[in-house]
Amino acid sequence: MEGLEGTLAELRDTFKSGRTRSVAWRKSQLRAMIEFVQDNEEEMFKVLDQDLGKHPVEAYRDEVGVVAKSAKLSLSCVEKWMAPKKGNLPLAFFPASAEVMPEPFGVVLIMGSWNFPISLALDPLIGAISAGNVVVLKPSELSPACSSFLAETIPKYLDPKSIKVIEGGIDVCEQLLQQNWDKIFFTGSQRVGRIVMTAAAQHLTPVTLELGGKSPAILDSSSNPTNMKVIAKRIVAAKWGSCSGQACIAIDYMLVEEKFASYLIDLLEKTIKQFFGENPRESKSLCKILNKNNFKRLLDLLEDPLIRASVVYGGSVDEETMYIEPTILLNPPLDSQIMTEEIFGPLLPIITLNNIHDSIEFISSRPKPLAIYAFTRDETFKKQILSKTSSGSVTFNDTLLQFVCDSLPFGGVGQSGFGRYHGKYSFDTFSHEKAILQRRFFPELEPRYPPWNNFKFQFIKLLYAFNYIGLLLLLLGLKK
């Protein structure tokens, strides 16, 4: 790529100058980010609708509002975050002092995703700025309107010598990954995440991978009818209300007891109609499928005869407009592609179990998900879910809220990714914690090594056991 070497050289020179380390620079960039959001809210609504068909309410909730909230929090806290933290030392180290100083990694690459092309590009960028890094931001080429908007607008607000936006397709990504970065932050699929990690390993570059997986929702049938109406709304919102299921935190499938399945399906059907109307095709609140490739992938899932036979609601498609109706499936084969790969679309399988407690074994026998959603009032069951499963997060009796809570870390585990961000965790992700210990030149004890008898040897072992290093040094300084 022409100019890439020059761009990176400029960024490295900027970082070496130290300008991005100051609290003044960090705050100025965060204020500029807030101004960027305020000035361009309508334009962001426009490009999000153009790429993904996002309604302004959804666009603000999942994209614009997320960025504004994150920037304001970072602005109010960055000075406290970047201050060295005093370290506690054992008395044996006296006289000495210790502290932990957060320092920026340096030149950072952030690779955004297409499904949340604004928030998943700018939220990590806010963390990188707060930590004092220089950044190359690579928006997803699969959301071209949003990518162009960021490339054209960000340089008007943020320091162009410290923050670069580079557009392009697969060839550009490959060239970027060949470079030597101080940190890479990637949001996307597991397949591409493996490519990113392989490339980073060539330079031993630290990586944060925000991936995905098959996030289940567990529904305990002990809920009363009033709660069930609320639960149904939260399930529908989590599955179809956030980018039509094209979200890493969307519910991928549900686990319920067999006796409860028909009631749940009826309730979900009524709620879908309540949210999106009798004809969801005409709803302005449903995002569109991204492109023909994604539409064909989802269509192939549905056209499997065994999958088609499991459809209990929805299932209609329109190839011309790339529309797929919100669809519910009951007990599709567990070895089918729809149950072994992340769906990333408006299809919701419901798997029935004899006992809802069997859901723990069902989940733990599969790759670790990004999130687990569990609707239950049973405190013992909650503890079992927490202790016997592993996931990026667990949310009880609601959905998606963990994503917008800045006081909680957001990230995966295992195949759903590693690393975390949001709020202070974003600052930490883009910082290296440097350990600093300071000693004085007095007092200084001369070590002497006389022949030790067995008693003295045992005494030294005892001192080590109690970490009395200072006393040990004193003992070494004594004559026989």
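This briefing looks at one strand and its partners, at the enclosed cavities, and at the cysteines of the structure shown above. The model is a predicted one. In it, strand 15 (residues 371-375) is largely enclosed by the rest of the structure, because five of its five residues are buried. The count of cavities of 30 Å³ or more comes to two, and the count of disulfides comes to zero.

**Strand 15 and its surroundings**

- In a regular strand the side chains alternate between the two faces of the sheet.
- Ala371, Tyr373 and Phe375 point one way from strand 15, while Ile372 and Ala374 point the other way, and all of these residues are buried.
- Strand 15 pairs with strand 8 (residues 216-219) in the parallel sense, over three bridges, and Leu219 is the residue that stands opposite Phe375 of strand 15.
- Strand 15 is also joined by four bridges to strand 16 (residues 393-396), with the two strands running parallel, and here Ile372 has Val394 of strand 16 as its bridge partner.
- Together with helix 15 (residues 379-388), strand 15 and strand 16 make up a β-α-β unit that is right-handed.

**The two cavities**

- The largest cavity has a volume of about 40 Å³, and its lining consists of Gly213, Lys239, Gly245, Ala247, Ala250, Ile251, Asp252, Glu342 and Phe344.
- Sorted by character, the lining of the largest cavity holds four nonpolar, two polar and three charged residues.
- The second largest cavity holds about 30 Å³ of space, and the residues that line this cavity are Ser113, Pro117, Pro139, Ser140, Ser143, Cys146, Ser147 and Leu150.
- The lining of the second largest cavity divides into four nonpolar and four polar residues, with no charged residue among them.

**The cysteines**

- A disulfide is a covalent bond between the sulfur atoms of two cysteines.
- For such a pair to be counted here, the two sulfur atoms must lie within 2.5 Å, and by this rule the count comes to zero disulfides.
- Cys146, which also lines the second largest cavity, is in no disulfide, and the nearest cysteine sulfur, that of Cys243, is 10 Å away.
- Cys146 is buried, with a relative accessible area of 0%.
- Cys405 is likewise in no disulfide, and the nearest cysteine sulfur to Cys405 belongs to Cys77, at 13 Å.
- Cys405 is partly exposed, with a relative accessible area of 26%.

Key. Residues numbered from 1 in each chain as written. Predicted model: local features only at pLDDT ≥ 70, side-chain atom pairs only at ≥ 80, totals over all residues. Heavy atoms only, no water. Buried < 20%, exposed > 50% of the residue type's maximum accessible area, 1.4 Å probe, protein only. Pairing = 2+ DSSP bridges. Right-handed = clockwise from strand over helix to strand, strands pointing away. 1 Å grid on protein atoms, 1.4 Å probe; cavity = no way out; pocket = protein on both sides within 12 Å on 5 of 7 lines; lining within 4 Å. Points joined across faces, edges and corners; volume = space filled by probe spheres on them. Nonpolar A, V, L, I, M, F, W, Y, C, P; charged D, E, K, R; others polar.
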